[in-house]
Amino acid sequence: LGINKETIYRELLVLRCRRGDRSAWKDLIDHWDRRLFYYVQRIVADEQDAWDVLQQTWLATFNAIGTIRDGRALPKWLYRTARNLALMQLRRKNSCALQDAVHEPEGAETSAHEDENGPLQFERADLLHHALDQIPLPLREVLRLHFLRDLSIEEVAGVIGIPSGTVKSRLYYAKRAIRSVLERGG
Amino acid sequence: MMTADDPQFRDRLLAVQKQDDTLKQKYQQEIQAMLQQKLNTPMKWLLVIVMAFGLLAAGLTAANLPRWRLQEPDFQALALFSLVFELTCIACLGWIIARGSIRTGGPEFILALLAGIFSLVVAGFFEDVTRYVPKDQTPHDIVLIIVFVVVLGWLPLVAVTISFYHNRTREKLLEIQYQLAQLAEEIPLAPRSITQRICGK
C-alpha cells in the first residue's frame, strides 16, 4: 500500500482533532505523550518541568491544529514545538544548562561516517537508558530522536535546526560515545 | 541482543523511563480541563451581550416586517431571511452558553460568533437605511447592497462548510486506507487458511 498503518492512523487523528472530536484528542495525546515526555525530559531534566513543557506543547497544538494541513507533518511539528518550549523553560531556569544544550560538541562538525562497528546492540534497555544520560546533550538529543523512530534524518535536522549532515555525524559520535559508556559498564 | 531497528526497541526503552504518579495525575487532570474548555465568566458575559444584541436586532427586524411588506417583495424576502438567520444565531449562542463549554478545535464557536456578528450588521443595516428612504421610492440600490452584505457574510460560512466536508471525505478515505493496511498485514495468513480449507485441516 506504500504508506504504513501508523502513518495513516496519525493523519486520521489529526483530521478528527481538527473537527473538534474530543476522543480523537485523547487518542492523539495518548499516542504521543510518552515519546514526547521521553524526549523532553532529556532536555529539561526536572520531571515537573517536563510535564509543564508537555502541557504547553499540547496547548500550542490545540491552537495550531487548524494550520497543520498535512497530518504527516505532525510528528516533526510536535517534536520541534516541544523542543522550543523545553529550551525556553531551560533558559528561564538555568542559562548554563542552555549553553550545554545548544553548543556543538567537539568534533561533531566532521563529515558523516558509516558506523564502523555495525548497529548498536544491547541486552538491557535500562543500561542503555542510563548510558544515554552520560553523553553530551546535543549527541543525546539526536540519539533519542533516532531511537524513538518517529522522524527521518531530514526531519530530525528540521526539529533541531541543523543540516542533515550534522545530524548524521552527531549520530555517529553519539553511538560511539554510548558504546564506550556501555563498555565502561555505565 | 537487540538493536535500534528492532520493532520492540522503542517500547522497551520507553518502559524504562520512570514517571512520578502524582505529577502525571496532575498533568492528566490539566489536559482534561484543557480539552473541555469551560467558558470563563468574561467569555460568558460576552456571549450573553452578543445574544442580547442579536435578540434586539431580531425584534427590530420583526417589528419592521409589516412596513417592508408594502415595499418590494425582494426586500421583504430578505427581511424574512435575515430574521430566520438571526434567530438561528441566537439559538446557537444560547446552546453554547447553556452547555458552558467550547469544543477545542471545533468550528461551532467561530461559526456562531461570526453568524451573530453578521446578523447584527445586517439587522442594523436594514433598520438604519430603510428609515431614510422615502416611502414612494423603490429601494433597489439598498436591496443590492444588502444582497452584497449577505453574500459577503455567508462566504466564510460556505468556506468553512466546504472545508468541513472536504475533511470528512478525506477522513473516510483514510479510514478505508487504514482498514486496507490492516488487511494487508493479515494477507500472509490467507494462503495458509485457504490451503487448510482445501486440505480439510
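Why are Arg168(B) and Glu171(B) separated by about one helical turn? They are three residues apart in helix 6 of chain B, and because of that spacing about one turn of the helix lies between them. An α-helix has 3.6 residues a turn, so residues three or four places apart point the same way. The side chains of Arg168(B) and Glu171(B) meet in a salt bridge, with 4.0 Å from N to O; a salt bridge here is a side-chain nitrogen of Lys or Arg within 4 Å of a carboxyl oxygen of Asp or Glu. Arg168(B) is partly exposed because its relative accessibility is 29%, while Glu171(B) is buried, with a relative accessible area of 3%. In these terms, buried means under 20% relative accessible area, exposed over 50%, and partly exposed in between (1.4 Å probe, protein chains only).

The model is predicted, so local features need pLDDT of at least 70 and side-chain atom pairs count only at pLDDT 80 or more, whereas totals for chains, interfaces and linings use all residues. Residues are numbered from 1 along each chain as its sequence is written, chains are lettered from A and ligands numbered from 1 in the order in which they are written, and side-chain values use heavy atoms, with hydrogens and water left out.

A good place to start is the overall plan of chain B. Its secondary structure comes to seven helices and three strands, where helices (H or I, at least four residues) and strands (E, at least two) are DSSP runs numbered from the N terminus. Along the sequence these elements follow the pattern β-α-α-β-α-α-β-α-α-α. Of the 201 residues in chain B, 33% are buried. Among contacts (heavy atoms within 4.5 Å) in chain B between residues at least 6 apart in sequence, 72% join residues at least 24 apart. A pair with a smaller theme of its own is Ala62(B) and Leu80(B), which are 18 residues apart in sequence and 8.2 Å apart in space, C-alpha to C-alpha. Ala62(B) belongs to helix 3 (residues 41-69) of chain B and, with a relative accessible area of 36%, is partly exposed.

The next topic is the meeting of the two chains. Here 47 residues of chain B are in contact with 47 residues of chain A. The size of an interface is often given as the accessible area lost when the parts come together. Chain B and chain A bury about 4800 Å² between them, 61% of it on carbon and sulfur atoms; this buried area is the accessible area (1.4 Å probe) that two parts lose on being put together, summed over both. On the chain B side, Arg10(B), Gln17(B) and Tyr27(B) lose the most area to chain A, together 15% of what that side buries.

Polar links also cross the interface. Between chain B and chain A there are 13 residue pairs in polar contact, both residues being at pLDDT 80 or more. A polar contact is a pair of N or O atoms within 3.5 Å; within protein, one must be able to donate a hydrogen and the other to accept it, and residues adjacent in sequence count only if both atoms are side-chain atoms. On the side of chain B that touches chain A, at least two residues each come from strand 1 (2-3), helix 1 (9-16), helix 2 (21-35) and helix 6 (140-186) of chain B. Helix 6 of chain B gives the largest share, 14 residues. By type, the residues of this side divide into 21 nonpolar, 11 polar and 15 charged, with Ala, Val, Leu, Ile, Met, Phe, Trp, Tyr, Cys and Pro counted as nonpolar, Asp, Glu, Lys and Arg as charged, and the others, Gly among them, as polar.

Salt bridges number 16 over all chains, and five are found across the interface of chain B and chain A. Within chain A, the side chains of Asp150(A) and Arg10(A) meet in a salt bridge of 2.8 Å, N to O. This pair links distant parts of the chain, 140 residues apart: Asp150(A) is in the loop between helix 7 (137-148) and helix 8 (153-160) of chain A, and Arg10(A) is in helix 1 of chain A. Asp150(A) also meets Arg10(B) in a salt bridge, at 3.1 Å. That second pair crosses between chains, with Arg10(B) in helix 1 of chain B. Arg10(B) counts as buried because its relative accessibility is 13%, and Asp150(A) does so at 9%. Glu6(A), Arg10(A), Arg35(A), Asp150(A) and Arg10(B) are linked in a network of salt bridges.
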